[in-house]
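Grab a pencil and work through these short exercises with the structure open beside you. Try each task before you read its solution.

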Amino acid sequence: MLRYLPFLLVLALWIYTFIDCLNTPEKEVRKLPKLAWVFIILLFGQVLIGPIAWLAVGRPRRAPAGGGKRFVAPDDNPEFLRSLRDDDKKDE
């Protein structure tokens, strides 16, 4: 059973990248047209060049976790600086 493991892993990666490419909208595919990526994945899938190329180059970049909000340091946050000024005015 263990001798089939590499074949099954290659097959699983091949199927995953093929389905991922098909489900990706045409506008989000990078570098090449979507149809070209499908052919690259299918033709070079057994040697892992096609699937790895799709994952590294063709796949769209995903949005960062957390809703896309970036962390802003307090000294760069205008709202925080405004609140400090308001606190200073209240103390005077």
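**Exercise 1.** Is Asp20 buried or exposed in this predicted model?

*Solution.* Start with the relative accessible area of Asp20, which is 11%. Next, recall that buried means under 20%. Asp20 is therefore buried.

**Exercise 2.** Find which side chain meets that of Asp20 in a salt bridge.

*Solution.* Look around Asp20 and you'll come across Arg59: the two side chains form a salt bridge, at 3.1 Å from N to O. The structure holds one salt bridge. Now check where the partners sit: Asp20 is in helix α1, while Arg59 is in the loop between α3 (49-58) and α4 (78-91), so the pair ties together parts 39 residues apart in sequence.

**Exercise 3.** Work out which residues make up the largest nonpolar core, and which helix gives the largest share.

*Solution.* First list the members: Trp14, Cys21, Val29, Trp37, Val38, Ile41 and Trp54, seven residues in all. Then sort them by helix: α1 (5-23) and α2 (34-43) each supply at least two. The largest share, three residues, comes from α2. Finally, zoom in on Ile41: skipping neighbours within four places in sequence, its contacts include Trp14, Cys21 and Trp54, along with Gly50 and Pro51.

**Exercise 4.** Is Leu11 buried, partly exposed or exposed?

*Solution.* Locate Leu11 in helix α1. Its relative accessibility is 30%, so Leu11 counts as partly exposed. Then look at its company: Leu11 belongs to a nonpolar surface patch with Met1, Tyr4, Phe7, Leu8, Ile15 and Ile19. Together, these patch residues have about 720 Å² of accessible area.

Technical notes. Residues numbered from 1 in each chain as written. Predicted model: local features only at pLDDT ≥ 70, side-chain atom pairs only at ≥ 80, totals over all residues. Heavy atoms only, no water. Core = buried A, V, L, I, M, F, W, Y, C linked by side-chain atoms within 4.5 Å. Buried < 20%, exposed > 50% of the residue type's maximum accessible area, 1.4 Å probe, protein only. Helix = DSSP H or I, 4+ residues; strand = E, 2+ residues; numbered from the N terminus. Contact = heavy atoms within 4.5 Å. Patch = residues over 30% accessible without salt bridge, like charges linked within 9 Å, V, L, I, M, F, W, Y side chains within 5 Å. Areas by Shrake-Rupley, 256 points an atom, 1.4 Å probe, with all protein chains shown as cover. Salt bridge = Lys/Arg side-chain N within 4 Å of Asp/Glu carboxyl O.
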